[in-house]
Amino acid sequence: MKVRTRFAPSPTGFMHVGNLRTALYAWLWAKKNDGVFMLRIEDTDQARFVEGAEEMVYKTLRTAGLTWDEGPDVGGEYGPYVQSQRKDMYLPYAKQLVEMGKAYYCFCTKEELDERRAAVEAEGGTFKYDKHCLSLSKEEVERRIAAGEPYVIRQNVPTEGKADFDDAIFGHIEVDCSELDDMILIKADGMPTYNFANVIDDHTMGVTHVLRGMEYLSSTPKYNLLYDAFGWEKPTYVHLTTIMRDATHKLSKRDGDATFEDLVNLGYLPEAIINYLALVGWSPGDEREFFTLDELKEAFSLEGLSKSPAIFDHNKLRWMNAEYIRRMDGKAYFEKALPWLCRAGLGEMAAKPENEEIFIRILQPRTEVFSDIANVVDFLAELGEYDIELFTNKKSKTNPEVSKAVLESVIPLMEALPDWNETALHDLLIGYAEANGMKNGTLLWPVRIAMSGRTVTPGGAIEIAALLGRGEALRRLKLGLDKLAAV
RNA sequence: GGCCUCGUGGUCAAGCGGUCAAGACACCGCCCUUUCACGGCGGUAACAGGAGUUCGAUUCUCCUCGAGGUCACCA
């Protein structure tokens, strides 16, 4: 049978990385098996409708490379792919269950239930619906429905026996029916609940493998009662572990960088995010860590899925992103970096053709996340205040006195330079150090400090001088000398 | 609280009765070096605890502990 998987988000905002990973695994499993990956929008909760969230889902999936074969926008023979548009499909199935005695109409109002629940819980108990409306006669039910009384349809769970299912990762899961509540299948507004819609949709849409979060693990046996009632073949369930922020909290959107969009905006590359995400909760079994989507597709297997929750390691994502950046083509890197350089006020400097290569050379190996760039290069846009103590560096054998002497002798030479470019600057400065028997560092440290006001900079004195250009470089050097005048 | 699930270094994670218990990130040290990175080399660090089963348990069973999930007219 052809493998069909689905990703079924409820459109409530940005895409949490945990959801993205679920989508990824579902996509991988379908693609690995030459199957179909479909997108279904679960919007049965009208109260939670969020404008534009559906488009967000499309956009995220697309930039992540997870294209769907069937879905709301592309269609398919199992449509519609939006649950609210399937509204009319559910009631007949629910009625069928009622006929079979596997479900029943219930007229208890939400308020009554809430009250009873509160009372039970106040005494430390767990509320369970008492099947109150199960005993209603058919006539009474019909009468009340005809009278326009609001109702829901509940699943009639047996009071005895077991409900169970087999999970591809967790194995056999079994629970006593007595633990189960008569869950609502059809809500008072006529919409199905998630639980019911899922069963109906997954079956009618031919889903063969259900990949979803762990939170459904304990309610799945209850779904299977429904499959059994209808006599339907059950899909293979694959419950995925939760992605955690730390040992005791799951990664939440409130943490600020838990959505795909957050990460992209911070300057993470979609391919790196996907690659990292694939490895949170799944292992290829060998030592590979870098995968394209295609390679992932080859390597993916249900056996490699983990049973225990994994903590999202920003550190490792960062490293992996850096690794992706380093492997980028220089040009491509520059293109991605340019907006960030502009944001740092370096648009003009970066626009000079001769500077492009320098920027690539000094920044690419140092960029872990694109948003880092601004803080690393801001000194190029503006020289900040700095203390002359920065001129002291033991390893370079410099201090304010030495620096003063260095700047005094080197500034005129630089001013006299006919061409201001890296090669010329290099030959001049390195040549000078050599001729005077100095360590390169002794000469270059003061020059770099004066030009940057920073002890740590991307690139060295020569690159910085070239980027700054003759006028600005010299201005800063003289400024440095002034600062040192009193020494 | 009932029920379900999970438990290998700080983190991800291999292992699926016999290993000196991989690898990666992070951390530390050394080298390279024009600062910082990059790169190279090396290092610290783990089977939650206790009973069994077995010639032998990280691996199988049970208990304890710890953590998560679930008990909605939310998904």
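**Exercise 1. Which helices and strands each supply at least two residues of the surface near RNA strand B?**

Solution. This is a predicted model, in which local features need pLDDT of at least 70, side-chain atom pairs count only at pLDDT 80 or more, and totals for chains, interfaces and linings use all residues. Residues are numbered from 1 along each chain as its sequence is written, chains are lettered from A and ligands numbered from 1 in the order in which they are written, and side-chain values use heavy atoms, with hydrogens and water left out.

Step 1. Helices (H or I, at least four residues) and strands (E, at least two) are DSSP runs, numbered from the N terminus. The elements that each supply at least two residues are α4 (110–122), β6 (171–176), β11 (310–311), α11 (314–326), α18 and α19.

Step 2. A residue counts as near the strand if one of its heavy atoms lies within 4 Å of it; of the 59 residues around RNA strand B, K187, E289, R366, G459 and I462 come nearest.

Step 3. The surface residues divide into 24 nonpolar, 16 polar and 19 charged, where Ala, Val, Leu, Ile, Met, Phe, Trp, Tyr, Cys and Pro count as nonpolar, Asp, Glu, Lys and Arg as charged, and the others, Gly among them, as polar.

**Exercise 2. Identify the parts of RNA strand B that lie within 4 Å of the protein, and give residues that approach its phosphate oxygens.**

Solution. Step 1. Of the strand's atoms within 4 Å of the protein, 69% belong to sugar or phosphate, and the rest belong to bases.

Step 2. Polar contacts, meaning pairs of N or O atoms within 3.5 Å, include one at 2.8 Å between a phosphate oxygen and a polar backbone atom of T248. A polar side-chain atom of N440 lies 3.2 Å from a phosphate oxygen, and an N or O atom in the side chain of K307 is 3.4 Å from a phosphate oxygen.

**Exercise 3. Describe helix α16 and its surroundings.**

Solution. Step 1. Helix α16 (residues 400–415) has 16 residues and reaches 22 Å from its first C-alpha to its last, close to the 22 Å expected at 1.5 Å a residue.

Step 2. At its start, a side-chain oxygen of N399 comes to within 2.9 Å of the backbone nitrogen of E401.

Step 3. Buried residues (under 20% relative accessible area, with a 1.4 Å probe and protein chains only) in α16 are P400, S403, K404, V406, L407, V410, I411 and M414; their cover includes α17 (422–435), α18 (440–452) and α19 (461–484).

Methods. Expected span 1.5 Å × (residues − 1). Buried < 20%, exposed > 50% of the residue type's maximum accessible area, 1.4 Å probe, protein only. Contact = heavy atoms within 4.5 Å. Polar contact = N/O pair within 3.5 Å; in protein donor to acceptor, adjacent residues only side chain to side chain.
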